[in-house]
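Colleague: Could you walk me through how to read a few features of this model, beginning with the overall fold and then going to single residues?

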Amino acid sequence: MSYQALARKWRPQNFGQLMGQEHVVAALSNALTNDRLHHAYLFTGTRGVGKTTIARIFAKSLNCAEGITAEPCGKCQNCRAIEEGRFVDLVEVDAASRTKVEDTREILDNVQYRPTQGRYKVYLIDEVHMLSRHSFNALLKTLEEPPPHIKFLLATTDPQKLPVTILSRCLQFSLKAMNVAQIEQQLNKILSAEQLSSEEAAINRLAVAANGSMRDALSLTDQAIAQGNGRVLEQVVKNMLGLLDEQHVDALLKALLEQDFAAAMQTVEALFLASADPTQILVELMDCLHQIALLQSLPEYQIVASANVSLLTEAAQQWTAEQVQLYYQICLRGRKDLPYAASPRAGLEMTLMRLFAFSPVSVERKAVLTAVKQSSIADANVASTAPLADAEKKTENLAEPQNNLASKDEQAIIVEPEPEPEPEPEPEPEPEPEPEPEPEPEPEPEPEPEPEPEPEPEPEPEPENVNAAELATEHEGYYQLADESEADDLHAQQAQIESLAVSQGYEAQKPQTKTTEHATVSIQQAMLSVRQAKQQKIEAAEKSAPAATGTELPTITKQPEQPKPVEQTSAEPELPTQPLQTANNHFAEPYSEVKEDEQQMPWVDHWSGDMFASPEQEAERVMPETAMPEPVTPEPAADEQQQAEPTQAEPVELNAGVAEPTNSPDVIAIDAPYVPREDIIQSLNLAQAVEQDLRHAKEIDHWSNLVEQTGLVGLQRQLALHSSFIQQGSQVTLSLVPAQSHLNDPNNLETIKQSLQQVLQQPIELQVNIGSDTLVTPYEIQRAIDYCRLQYAKQSLQQDANVQLLQQTFAAQVVETTVVAL
């Protein structure tokens, strides 16, 4: 008799032999004993936990010759036929291979017939979740109301894929994965019965590797018996499963404890010589870190592996809990990043470097960082308030004659609530017309200085005084509105007025609200007037700029003009401004979207600019937006510079940011065309070879073929592709082009050497020399092939009869830059 696998030979034949599924056995046994049988059962669970086994035992219990019982005899004809898989009335269906609705209908057509040999006809549908949607729909009616002689037993590893209509028609039993102790007990029992010697550590590793599946454990045991020549040994199991030796893991932990990176790299070298998997190395490290964390949290915790107890205990005492958690996260992230690394070894080494480089921030260091951050914030606040103080000092001397407007606004705000004791206090604040005409610019009969292209030297002193006054007015208006002390005074005066009105018997809430609104209106109207005046200055500067037809651009200075309504004659569109007679709620809209970085200087927009900037800086800010795009600006004449000196306004260079093109011979073209290597094309006869469908260099070059067989990637592949190959016995010499000399690295050479030894199946000595630029490398051969294929494609296209017809009929032309060789 041929050998039978342990998983099949030791399949349980009754409920008493099952392990780990007591909850399912109890429910089915009670149902069989009390004759309370459902027509459909669903068994779910991971692979190898007994779904199909329980279904077969249940079928034997239903069809045993001794009657329906929870303990089938196993000796009658029906029981033995079910065990041997030849029972007629037990129909096992593999849903994974019979997913179509036609297969399901074929099965259901036989449901109406009574069983031939047994008491019930049992349909066992394994992997039922693989059925198609139409198959489930065809099964619904029969599954809900089957004939009395039909029982459905369904098994699946993924119940989430089953429709709820199927789940509601079945009794569902969820089978649990077995723990390590249960698997070890069963393996010891089976090995003892088979009279095979084993080691306890080997059994433990097999039970852990089974991951809750008894079938997986028995299959691994079969493999271990074959490799150990009839014995189950720990070292054989470790090699079979690709597990690491404890000494390597201990060496990595010890190097990490001692912060010895050189020792860690030596351990990695030894692991790779033993063909260890980088993923498994990180898994073993994570397992050790997990046990260290448990030792720190639960000192009474007993470590499962006793080989490195002392080392793990030392690490738990030396490292902090934060450090262990950080190391675990680094290993976990490194395991996820391994598929994206240049090579698995590079990913492992980078993860180890992070373990040595990073450590959690201590409390002292965190406090220092916080103090430094607070100090930097304080320095930034001092630096931001310094310009405000300087501007205040400058504007105090310049804005003396222009303070009447602000003082009138304050008087209006303060005096308005005084007539509140009268019976009708509401209309009193409304007829306040004083602030409205004040921001209106007074019209001047003089002609505007806009058509003057160049300023005359005589009126230059006047713009200085006028601009200073206007600047003082703008600065004073902005600064007074931004002053927090004045805002506090206003709030205190309003509170005093409110208390006075309440003491006289009036409700001061509504008048106070309206007064506040009118105060806000007056302030905003003043701000709008400043904006309008500033807009007029900008438009005047635009109009004074010459058209883009001359060869010289004049300097720009502030013109002495009073604010006045501007006619929109400029070619550029202007931003709309709101009229002064709008409703109160309209004035709040421009200020409702103030950004965080503008909180220190409110009411700053595109037209207001920098309120502390000089007129020259303001002109430099505005003119680049409106200047003509002339690429060249000549230097101003000497007499023009002398004329501009009294105004203290620097000329604006409109093309200051334009870079002149250079014709330096050192500039290298990025898209330089490929220069074909005629020596390669002629020596390899590529022009004729591409006509025979030559596509890759490996088809005609031995070294290119070897590179493809080695499976090199990354930098090692680049080194091989840019070198030529010479072999003399066991001596292999690679000549590398000078441009790729940086790839001549010992790690790259070692990787190439190992790969070549596997392909050539012999030990070799590898030497790399730096050759010349004319080397015949796989890279150059492939480029030459691609070039010849493209030329052949262009030639074939030009010789095509249809293309020639189009050229003759419609004077068509072939755009050769769009031709691609397929």
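**Reading the chain, a buried aspartate and a helix**

Modeller: Contacts, meaning heavy atoms within 4.5 Å, are a good start: residues 24 or more positions apart account for 75% of the contacts in the chain with a separation of 6 or more. This is a predicted model, in which local features need pLDDT of at least 70 and side-chain atom pairs count only at pLDDT 80 or more, while totals for chains, interfaces and linings use all residues. Residues are numbered from 1 along each chain as its sequence is written, and side-chain values use heavy atoms, with hydrogens and water left out.

Colleague: What is the nearest side chain of opposite charge to Asp89?

Modeller: Lys121 is, at 5.2 Å, and Asp89 has no salt bridge (a side-chain nitrogen of Lys or Arg within 4 Å of a carboxyl oxygen of Asp or Glu), although Asp89 is buried, which is to say under 20% relative accessible area with a 1.4 Å probe, protein chains only. Polar atoms of the Asp89 side chain do, however, lie 2.6 Å from the backbone nitrogen of Gln117 and 2.6 Å from that of Gly118.

Colleague: Which residues of helix α28 are buried, and how should I read their placement?

Modeller: In general, an α-helix has 3.6 residues a turn, so residues three or four places apart point the same way. In α28 (residues 702-710), a DSSP run of H or I of at least four residues, the buried residues are Trp703, Ser704, Leu706, Val707 and Thr710. Seen down the axis of α28, by the directions from the axis to the C-beta atoms, these fall within an arc of 160°, so they line one face of the helix. Their cover includes α29 (714-721) and β8 (723-728).

Conventions
Buried means under 20% relative accessible area, exposed over 50%, partly exposed in between (1.4 Å probe, protein chains only). Lys and Arg count as positive and Asp and Glu as negative; His and the chain ends are not counted. A polar contact is a pair of N or O atoms within 3.5 Å; within protein, one must be able to donate a hydrogen and the other to accept it, and residues adjacent in sequence count only if both atoms are side-chain atoms. Helices (H or I, at least four residues) and strands (E, at least two) are DSSP runs, numbered from the N terminus.
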